[in-house]
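Colleague: Could you take me through one part of this model close up? I'd like the sheet, and then whatever backbone oddities sit in the loops.

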Amino acid sequence: MPKKVCLQPCLGITSRASTIGRQACYAAYQGLGSDRADLGCAPALYAEVEEDVEFIRNDLVIAVNSCDACCANHLVAEKGGCAHAGVRVDEILEAAGMLTDDLPLEHAPLDHPAVALVAAEIQRVADELNAGEPE
């Protein structure tokens, strides 16, 4: 059976791309299902909540970053995990011609086009990661 993937977004509370990335993680989690994915939480990981630490140490981790600082990668490594793949929200949005300044800052619905676009990429990466795992 393939391993679960942990969707670990960056926190970036003042970044529109981070808002989209966090919501995209929720949407991708819904699409993948709880039998295939765990949803990481940066504040819980910083607080060393056991469940979140186990996610990054036992799952295949997809770091969902919103800029070139790649904070999700650094947080995962700091807590003893490894990012097996990464998704860059800002790059996905830019490639689609979506201007970050036009996106919501505080909340975006799960059906927002930018959220759906990034969620689809997260799901694609999750499927790709699991394709390399033995059954």
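Modeller: Sure. One term before we start: two strands count as paired if DSSP finds at least two bridges between them. Keep in mind that this is a predicted model. With that in hand, look at strand E1 (residues 5-9) and strand E3 (residues 60-65), which run parallel and are joined by five bridges. One place to find that pairing is Val-5, whose bridge partner in E3 is Leu-60. Zoom out and you get an open sheet of four strands, ordered E2-E1-E3-E4, with parallel pairing. Strand E2 (37-39) and strand E4 (83-88) are the edges, each pairing on one side only. On average, neighbouring strands of this sheet are turned by 25° against each other, ignoring direction.

Now the loops. Most residues other than glycine have a negative phi, so a positive one is worth a look. Follow the chain from helix H2 (42-46) to helix H3 (50-58) and you pass Glu-48 in the loop between them. Glu-48 isn't a glycine, yet its phi is positive, near 60°. This residue is exposed, at 51% relative accessible area; the cut-off for that label is over 50%.

The other one comes after E3: Cys-70 lies in the loop between E3 and helix H4 (71-78). Cys-70 also has a positive phi, about 50°, without being a glycine. Cys-70 counts as partly exposed, because its relative accessibility is 21% and buried means under 20%.

Notes
Residues numbered from 1 in each chain as written. Predicted model: local features only at pLDDT ≥ 70, side-chain atom pairs only at ≥ 80, totals over all residues. Heavy atoms only, no water. Helix = DSSP H or I, 4+ residues; strand = E, 2+ residues; numbered from the N terminus. Axes fitted to C-alpha atoms, helices over the stretch in contact; angles between N-to-C directions. Buried < 20%, exposed > 50% of the residue type's maximum accessible area, 1.4 Å probe, protein only.
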